[in-house]
Amino acid sequence: MKTIQISTEYITLGQFLKVADVIQTGGEAKWFLQENKIYVNGESENRRGRKLYNQDKIEIPGFGTFQVKA
């Protein structure tokens with residue numbers, strides 16, 4: 001499991017994908033979420049504006065498992 005450190009209260013899923021090096025630019029987030037399954041705390045998620053908080057667990061099949069740390 002990879003840890004993604006944030007310095008704010010939360011990070012959006014679209015921002016998270018870029019910080020975690022899953023996508024190269026923020027503009028790719030919408031397409032990526034349409035084409036790939038992403039699970040936040042075990043539940044399927046496709047909203048790039050979804051807020052991720054400390055200790056949230058993100059699973060992206062084929063890319064890995066991540067945890068947000070504030």
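Modeller: Let us begin with rings: two aromatic rings of Phe, Tyr or Trp count as a pair if their centres lie within 6.5 Å, and the angle between their planes then sorts the pair as stacked when under 30 degrees, edge-to-face when over 60, and tilted for the rest. Please keep in mind throughout that this is a predicted model.

Biologist: How many aromatic pairs does a search of the whole structure find, and how are Tyr-10 and Tyr-53 arranged?

Modeller: The search returns three aromatic pairs. Tyr-10 and Tyr-53 form a tilted one, with 5.7 Å from centre to centre and 55° between the planes. Tyr-10 belongs to strand E2 and Tyr-53 to strand E5 (residues 51-53), so this pair ties together parts that lie 43 residues apart in sequence. Tyr-10 counts as partly exposed because its relative accessibility is 32%, and Tyr-53, at 34%, also counts as partly exposed. A further pair, Phe-32 with Phe-63, is edge-to-face, at 5.3 Å centre to centre and 70° between the planes. Here Phe-32 comes from helix H2 and Phe-63 from the loop between E6 and E7, so parts 31 residues apart in sequence are tied together. Phe-32, with 3% relative accessibility, is buried, whereas Phe-63, with a relative accessible area of 36%, is partly exposed.

Biologist: Before going further into side chains, what does the secondary structure of the chain come to, and what pattern does the chain follow along the sequence?

Modeller: There are two helices and seven strands, and reading along the sequence gives the pattern β-β-α-α-β-β-β-β-β. For overall dimensions, the radius of gyration of the chain is 11 Å, which agrees with the value near 11 Å that a compact globule of 70 residues would have. The C-alpha atoms fill a box of roughly 30 × 20 × 20 Å along the principal axes, and buried residues make up 34% of the 70 residues.

Biologist: In what order do the strands of the open sheet lie, and why is one side of E1 and of E4 left without a neighbour?

Modeller: The open sheet has five strands, ordered E1-E7-E6-E3-E4, with mixed pairing. Strand E1 (2-5) and strand E4 (43-44) stand at its edges and each has a single partner strand, so one side of each lacks a neighbour in the sheet. Walking across that order, E1 and E7 are parallel and share four bridges, E7 and E6 are antiparallel and also joined by four bridges, E6 and E3 are antiparallel with two bridges, and E3 (residues 39-40) meets E4 in the antiparallel sense, again over two bridges. Tyr-39 has Ser-44 as its bridge partner in E4. Between E6 and E7 the chain forms a hairpin with three residues between the strands, and Gly-62 in the turn has a positive phi of about 90°.

Biologist: Which residues lie on the covered face of E6 and which on the uncovered one?

Modeller: The general idea is that side chains in a regular strand alternate between the two faces of the sheet. In E6, Ile-58 and Ile-60 make up the covered face, while Lys-57 and Glu-59 make up the uncovered one. Ile-58 stands opposite Phe-66 in E7 and is itself opposite Val-40 of E3.

Biologist: Which residues touch the most other members of the largest nonpolar core?

Modeller: That core has 19 residues, and Phe-16, Leu-17, Ile-58 and Ile-60 touch the most other members. Helix H1 (13-19), helix H2 (29-35), strand E6 (57-60) and strand E7 (64-69) each supply at least two of its residues. Beyond four places in sequence, Ile-58 touches residues including Phe-16, Ile-38, Leu-52 and Val-68.

Biologist: Is Gln-67 buried or exposed, and what is its bridge partner in E1?

Modeller: Gln-67, found in strand E7, counts as buried because its relative accessibility is 16%, which falls under the 20% cut-off. Thr-3 is its bridge partner, and Lys-57 stands opposite Gln-67 as well. Neighbours within four places aside, its contacts include Met-1, Lys-2, Gln-55 and Asp-56. By contrast, Ser-7, in the loop between E1 and strand E2 (10-12), counts as exposed at 78% relative accessibility. Ser-7 and Lys-69 are 62 residues apart in sequence, yet their C-alpha atoms are 8.6 Å apart in space.

Conventions:
Residues are numbered from 1 along each chain as its sequence is written. This is a predicted model: local features need pLDDT of at least 70, side-chain atom pairs count only at pLDDT 80 or more; totals for chains, interfaces and linings use all residues. Side-chain values use heavy atoms; hydrogens and water are left out. A nonpolar core is a set of buried Ala, Val, Leu, Ile, Met, Phe, Trp, Tyr and Cys residues joined through side-chain atoms within 4.5 Å. Buried means under 20% relative accessible area, exposed over 50%, partly exposed in between (1.4 Å probe, protein chains only). Contact means heavy atoms within 4.5 Å. Two strands pair if DSSP finds at least two bridges between them. The radius of gyration is taken over C-alpha atoms; the globule rule is 2.2 Å times the number of residues to the power 0.38. Rings of Phe, Tyr and Trp (its six-membered ring) pair if their centres lie within 6.5 Å; planes under 30 degrees apart count as stacked, over 60 as edge-to-face and the rest as tilted.
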